[in-house]
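Visitor: Hi, I've got a structure open and would like to talk it through. Could you help me find my way around?
Guide: Happy to, let's put it up and begin.

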Amino acid sequence: MKHWFRLHALALSRTLGALLRQPLATVLHLAVIGLVASLPLGLYLVLSSIGNVTAKMPVEPQLTVFLKPEADVGALRAQLAKDGRLAQTRFVPKDDALKAMEAAIGSGDLLAGLPDNPLPDAFVLTARRDVPAAQLTALEQMLLTDPGVDTVQLDSAWAARLEKAISLGRHALQVVVLLLAVALVLVTGNAIRMQILTRREEIEVAKLIGATDSFIRRPFHYSAAIQGVFGGLVGCGIAAGAITWLNPAVGELAAAYGQPFALALPGPAELALVCATTMLLCLMGAWFAVWRHLRRYR
């Protein structure tokens with residue numbers, strides 16, 4: 001075991017020395033790995049941040065029915081209670097709507113200068129999840145024919161569309177991750193192949209004196225693993241820097257809609273996952289490159 005540990009320590013020290021002796025090439029390769037890792041990580045963080053917000057939103061289709069002052073509330077309530085397309089019916093008097101608006105704005109004097117409350121009474125209708133969009137449109141048209149109904153607004157259809165868009169984004173993220181993973185394996189394999197070519201004579205001499213394949217592979221695998229880990233750290237740094245730069249503008253846009261929102265920064269779990277993934281992909285590229293070279297000696 002001592003000999004095994006000594007061989008690994010020797011390979012690791014030689015690998016670190018080789019990387020430090022070529023700082024420019026090392027930095028460029030780490031930048032390539034970091035850029036490849038930052039793209040899917042950034043997209044994942046954006047989708048995750050938006051998904052956390054939409055998870056708190058109602059996805060059941062909701063209709064808000066605004067009533068005219070002369071509307072017969074009792075008759076309309078009875079009609080809505082018999083409609084099988086609705087899961088819930090809630091009446092919102094105009095006084096309650098005014099109090100809710102005052103609480104949201106933080107002002108208790110919204111009626112200053114007005115003779116009375118200008119807000120209308122309203123019904124908030126929650127449709128069942130299995131109701132098709134065509135039936136919701138028919139329900140909207142039916143309500144508009146009522147003489148006591150002023151307008152009908154479909155409130156939460158956009159939330160369902162946003163949820164589907166996020167689902168599409170997740171599928172796109174899987175495609176991007178797959179393509180970039182293949183690219184990282186090829187880039188690392190090509191970089192290791194160049195290292196092998198520069199040390200070809202050394203490898204040939206080592207094989208002549210009885211060096212095993214594992215002895216020859218070990219430095220290249222360590223080189224790929226080290227660059228994969230540090231490249232993953234660089235990728236997380238790039239993604240964190242980009243999100244930090246974007247968050248003020250995102251916060252201003254969210255504030256314009258009255259909602260606090262900010263893109264999430266990569267946490268310890270994302271950091272560990274990215275570093276582990278880039279390390280494994282770089283090891284795959286290194287293993288393939290060394291395997292192709294060593295099979296010539298068989």
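Visitor: Nice. How much area does the protein expose, and what share of it do carbon and sulfur atoms supply?
Guide: About 18100 Å² is exposed by the protein, with 66% of that supplied by carbon and sulfur atoms. Keep in mind that this is a predicted model.

Visitor: Good to know. What is the average pLDDT of the protein?
Guide: The average pLDDT is 80, and 82% of the residues score at least 70.

Visitor: And where is confidence lowest, and where is it highest?
Guide: Helix α1, residues 2-21, has the lowest confidence, with a mean of 67. The highest is in α9, at 88.

Visitor: Okay, layout next. How many helices and strands does the protein have?
Guide: There are nine helices and four strands. Going along the sequence, the pattern reads α-α-β-α-β-α-β-α-β-α-α-α-α.

Visitor: What percentage of the residues is buried?
Guide: Of the 298 residues in the protein, 34% are buried.

Visitor: And what about contacts, how many join residues at least 24 apart?
Guide: Taking contacts between residues at least 6 apart in sequence, 85% of them join residues at least 24 apart.

Visitor: Let's go to the strands. How many residues of β3 are buried?
Guide: Six of the six residues in β3, which spans residues 122-127, are buried, so the strand is mostly covered.

Visitor: Which residues of β3 point which way?
Guide: A122, V124 and T126 point one way, while F123, L125 and A127 point the other way, and all of these are buried. As a rule, side chains in a regular strand alternate between the two faces of the sheet.

Visitor: Which strands are joined to β3 by bridges?
Guide: One is β1, residues 62-67, which runs antiparallel to β3 with five bridges between them. Another is β2, residues 86-92, also antiparallel to β3 and joined to it by six bridges.

Visitor: I'd like some residue pairs to click on. What stands opposite L125 in β3?
Guide: T89 stands opposite L125, and L63 stands opposite L125 as well. You can also look at V65, which stands opposite F123 in β3.

Visitor: Staying with β1, why is it largely enclosed by the rest of the structure?
Guide: Because five of its six residues are buried. Strand β1 is also joined to β4, residues 149-154, by five bridges, and these two strands run antiparallel. In that pairing, F66 has T151 of β4 as its bridge partner.

Visitor: Let's try R90 in strand β2. Is R90 buried or partly exposed?
Guide: R90 counts as partly exposed, because its relative accessibility is 45% and buried means under 20%.

Visitor: Which residues does R90 touch?
Guide: Not counting residues up to four places away in sequence, R90 touches A122, F123 and V124. R90 and A122 are 32 residues apart along the chain, with 8.5 Å between their C-alpha atoms.

Visitor: Switching to charges: how many salt bridges are there?
Guide: The count comes to one salt bridge. The side chains of D83 and R85 form it, at 2.9 Å from N to O. Side chains of opposite charge can pair when their charged atoms come close.

Visitor: Are those two buried or exposed?
Guide: D83 is buried, with a relative accessible area of 13%. R85 is buried too, at 19%, and the cut-off for buried is under 20%.

Visitor: Now some helices. Which residues of α3 are buried?
Guide: In α3, residues 73-81, the buried residues include V73, L76 and L80. Looking down the axis of α3, its buried residues fall within an arc of 70°, so they line one face of the helix.

Visitor: And H29, where does H29 lie and what is in contact with it?
Guide: H29 lies in helix α2, residues 23-54, and is buried, with a relative accessible area of 10%. Leaving aside neighbours within four places in sequence, H29 is in contact with V187, T188, A191 and Q227.

Visitor: Last one: where is A276 found?
Guide: A276 is found in helix α9, residues 268-294. At 35% relative accessibility, A276 counts as partly exposed. A276 and A225 are 51 residues apart in sequence, and their C-alpha atoms are 9.2 Å apart in space.

How values were computed. Residues numbered from 1 in each chain as written. Heavy atoms only, no water. Buried < 20%, exposed > 50% of the residue type's maximum accessible area, 1.4 Å probe, protein only. Contact = heavy atoms within 4.5 Å. Salt bridge = Lys/Arg side-chain N within 4 Å of Asp/Glu carboxyl O. Pairing = 2+ DSSP bridges. Areas by Shrake-Rupley, 256 points an atom, 1.4 Å probe, with all protein chains shown as cover. Arc of directions from axis to C-beta. pLDDT = per-residue confidence, 0-100.
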